[in-house]
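Student: I'd like to take a close look at one part of this protein and see how it fits in with the rest. Could you walk me through it slowly?

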Amino acid sequence: MTRPGLHDAADAAASFDPLRPLLTRVAYRMLGSVADAEDVVQDAFIRWLAADRADVREPAAFLRRTVTRLCLDQIKSARRSRETYVGPWLPDPLVEEEEADDVTLPLMLALERLSPLERAAFLLHDVFGVGFDEVAATIDRDPAATRQLAARARTHVRDARPRYKLEKAQGLQIADAFFAASRSGDMAALGALLAADVGMWSDGGGKRPAVDRPVLGFATVLKLHRSLAVLFGKYGSTLIHVGLINGLPGFVTREADGELQTTALEIADGKVAAIYVMRNPDKLSHMH
């Protein structure tokens, strides 16, 4: 194979770069990892550089297909490493100004429980609006089987999709109040924000202290925050940003060890139903 020249590389980049944000979103939704998504997209670019681009009628479809297939390969090895992961696994946090689509953190966790092909069919069709014929060609199944995969996925993730749309301003107000109450030790104010069946998941990945299993129920979550408030009072916790994290209202803090942390809040009927805390520095490195 001849090595691509500078002009060829520039030509490939000119057609690829406008599609890079969309391709990265597809890869991230498939993998839940920013670094892995960026690696997959870069691999897709190398393949685009080597391809006979004059024969490609629809670059977007060709590249989306390439990225999806690379992701399906990646998921197999990711699942093996997930089996030895320390504590709860959460996807890398994405701090977003606006919701890019309706794939929130709870839905991403639900997608983790699907087969790789179900995940691809659901994301491509239901989230990114790709027709079933193209999805079928991408995952190498016939259209009828692809429709079945997407329908099965839809059934499995139904409960993880928000029943009603939370106003962004209201969500950020709750996130602000949650930060203030949890850091000041005002347990009455914090308790007023929590749903009776609230749960908390904390991902330290074995790299930083974190609760190694889900904390479930109002009393247990409040008790844990009472203990944490003592540490926050002693060592400090600095608010850096309040905004959407994986489509949920939340905030970014710098903790006493100098590391970043994200807290995302799932809100139902005006109360915090789930708290997702990211402490694993490997999953926060893209935010520095």
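Student: Let's zoom in on strand S7: which residue in S7 is the bridge partner of Ile267?

Tutor: The partner you're after is Val272. Before we go on, keep in mind that this is a predicted model.

Let's stay with that pairing for a moment. Ile267 belongs to strand S6, which covers residues 260–268, and S6 pairs with S7 in the antiparallel sense over seven bridges. Another bridge between these two strands links Glu266 to Ala274 in S7. S6 and S7 form a hairpin with two residues between the strands, and Asp269 there takes a positive phi near 50 degrees. That's worth a second glance, because most residues other than glycine have a negative phi.

Now look at S7 from its other side. Strand S2 (residues 194–203) is joined to S7 by six bridges, and these two strands run parallel. Here Val272 turns up again, since Val272 in S7 is also the bridge partner of Leu194. So Val272 is paired with Ile267 and with Leu194.

How does that fit into the whole sheet? Seven strands make up an open sheet, in the order S1-S4-S5-S6-S7-S2-S3, and the pairing is mixed. At the edges you'll find strand S1 (95–96) and strand S3 (215–216); each has a single partner strand, so one side of each has no neighbour in the sheet. As for S7 (residues 271–278), six of its eight residues are buried, so S7 is largely enclosed by the rest of the structure. One element to look for here is helix H11 (residues 218–235), which lies across S2, S3, S4, S5 and S7 and runs at about 55 degrees to S2.

While you're in the sheet, find Asn246, in the loop between strand S4 (237–245) and strand S5 (248–255). Asn246 also has a positive phi, near 50 degrees, and it isn't a glycine. With a relative accessible area of 1%, Asn246 counts as buried. Compare that with Asp140, whose phi is positive too, near 60 degrees. Asp140 sits in the loop between helix H7 (132–139) and H8, and this residue is exposed, with a relative accessible area of 63%.

Asp140 brings us to the helices, so let's follow the chain into H8. Two packed helices are described by the angle between their axes and the distance between the axes. For helix H6 (residues 116–127) and helix H8 (residues 143–157), the angle is about 90 degrees and the axes are 8 Å apart. That makes H6 roughly perpendicular to H8. Where they meet, the H6 residues include Leu117, Ala121 and Phe122, while the H8 residues include Leu149, Ala150 and Ala153. Sorted by class, the contact of H6 with H8 has seven nonpolar, three polar and four charged residues.

Two of the residues in that contact are Asp126 in H6 and Arg154 in H8. Side chains of opposite charge can pair when their charged atoms come close. Asp126 and Arg154 do form a salt bridge, with the closest N and O atoms 2.6 Å apart. Since Asp126 lies in helix H6 and Arg154 in helix H8, the pair ties together parts that are 28 residues apart in sequence. Asp126 is partly exposed, at a relative accessible area of 24%, and Arg154 is partly exposed as well, at 31%.

That pair isn't on its own: a search of the whole structure finds 13 salt bridges. Another one joins the side chains of Asp11 and Arg53, at 3.1 Å from N to O. Asp11 is in helix H1 (residues 6–16) and Arg53 in the loop between helix H3 (34–50) and helix H4 (59–82), so this pair ties together parts that are 42 residues apart in sequence. Asp11 is partly exposed, with a relative accessible area of 41%, whereas Arg53 is buried, with 13%. Then there's the salt bridge between the side chains of Arg213 and Asp212, at 3.3 Å from N to O. Arg213 is exposed at 54% relative accessibility, while Asp212 is partly exposed at 47%.

So if you want one picture to take away, go back to S7: antiparallel to S6, parallel to S2, and largely enclosed by the rest of the structure, because six of its eight residues are buried.

Definitions and conventions:
Residues numbered from 1 in each chain as written. Predicted model: local features only at pLDDT ≥ 70, side-chain atom pairs only at ≥ 80, totals over all residues. Heavy atoms only, no water. Axes fitted to C-alpha atoms, helices over the stretch in contact; angles between N-to-C directions. Helix = DSSP H or I, 4+ residues; strand = E, 2+ residues; numbered from the N terminus. Parallel < 35°, antiparallel > 145°, perpendicular 65-115°, else oblique. Contact = heavy atoms within 4.5 Å. Nonpolar A, V, L, I, M, F, W, Y, C, P; charged D, E, K, R; others polar. Buried < 20%, exposed > 50% of the residue type's maximum accessible area, 1.4 Å probe, protein only. Pairing = 2+ DSSP bridges. Salt bridge = Lys/Arg side-chain N within 4 Å of Asp/Glu carboxyl O.
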